[in-house]
Amino acid sequence: MAWELMNEPRCTSDPSGRTIQAWITEMASYVKSIDGNHLLEAGLEGFYGQASPQRKSSNPAFDVGTDFIANNLIPDIDFATVHSYPDQWVSSSDEQTQISFLNNWLSTHIEDAQNILHKPVFFAEFGKSYKDPNYSSYQRDELFSTVYSHIYSSAKSGGAAAGGLFWQLLADGMDSYRDGYEIVLSENTSTESLITQQAHRLYQIRKIFAQLRNIEKWKKAREIRRAQWLGKNKGKGVGN
């Protein structure tokens with residue numbers, strides 16, 4: 001579907017964002033010159049920068065030299081990406097504060113993708129580690145439900161949210177890849193149920209929009225046929 005320039009690019013030595021902006025501009029143009037048949041995204045986590053100072057309060061308390069608005073406005077970038085790890089970014093906060101942070105994080109990025117970027121936004125990574133202090137599966141499911149709810153609400157109205165990928169899905173026997181965030185479906189049945197439900201809901205939305213597109217295509221085809229018929233029969237008597 002798409003190329004990614006780099007996973008989670010950062011440049012902490014230049015908090016102004018100019019270095020990352022120049023790098024994305026150069027590399028995006030280069031990739032598109034090689035392959036214009038695939039989409040392209042930068043791999044950003046979604047932190048706000050100098051282009052939207054009013055949004056910087058939505059960031060966790062660090063600056064990594066990226067800019068969600070400016071970086072994704074680069075013409076060769078086709079869609080925006082956002083990562084969501086409140087258990088890492090605001091780790092000293094309690095569970096409800098982390099969920100509150102997440103709700104605001106999701107809402108602002110969907111809104112800005114819709115109204116400023118005019119591009120889809122893909123929630124490319126999110127999760128909660130079972131290594132967190134006082135972890136429970138309920139907390140992980142609450143995070144998944146929060147992310148999925150925002151995506152579904154946007155998608156069903158034709159909004160900017162285009163989907164989401166949690167970190168990370170493993171199959172049985174892949175123990176060497178475990179990092180605390182992994183989902184093994186046979187071991188995480190409540191989370192598996194949420195994933196299945198979300199996939200079904202988004203599939204139903206896709207079917208509805210596909211039907212609407214087919215109706216529009218039919219209407220346009222009918223208009224073309226009518227225009228062709230009128231042009232062919234212009235000046236001829238029709239009827240008795």
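This is a short dialogue on reading the two largest pockets of a predicted model.

User: Happy to start with the basics. How much space does the largest pocket hold?

Analyst: Glad to help! A pocket is an open set of grid points with protein on both sides. Here, the largest pocket has a volume of about 370 Å³.

User: Which residues should I click on to find its centre?

Analyst: Try Phe-122, Ala-124, Gly-164, Leu-165 and Phe-166, which lie nearest the centre of the largest pocket. They belong to a lining of 20 residues. Strand E1 (2-4), strand E4 (121-126) and helix H6 (189-232) each give two or more residues to that lining, and H6 gives the most, with four.

User: What is the chemical make-up of that lining?

Analyst: A residue counts as lining if it has an atom within 4 Å of a pocket point, and glycine is put with the polar group. On that basis, the lining of the largest pocket divides into 13 nonpolar, four polar and three charged residues.

User: And how much space lies in the second largest pocket?

Analyst: About 200 Å³. To locate the second largest pocket, look for its lining residues, including Ala-155, Gly-158, Leu-202, Ile-205 and Phe-209. Arg-206 and Arg-213 are also among them.

User: Which element supplies the largest share of that lining?

Analyst: Helix H6 does, with five residues. Strand E5 (161-164) also supplies at least two residues to the lining of the second largest pocket.

User: How does this second lining divide by residue type?

Analyst: The lining of the second largest pocket has six nonpolar, three polar and two charged residues.

Key:
Residues are numbered from 1 along each chain as its sequence is written. This is a predicted model: local features need pLDDT of at least 70, side-chain atom pairs count only at pLDDT 80 or more; totals for chains, interfaces and linings use all residues. Side-chain values use heavy atoms; hydrogens and water are left out. On a 1 Å grid over the protein atoms alone, a cavity is a set of points where a 1.4 Å probe fits but cannot get out, and a pocket is an open set with protein on both sides within 12 Å along at least five of seven lines; lining residues have an atom within 4 Å of a point. Grid points are joined across faces, edges and corners, and a volume is the space filled by probe spheres set on the points.
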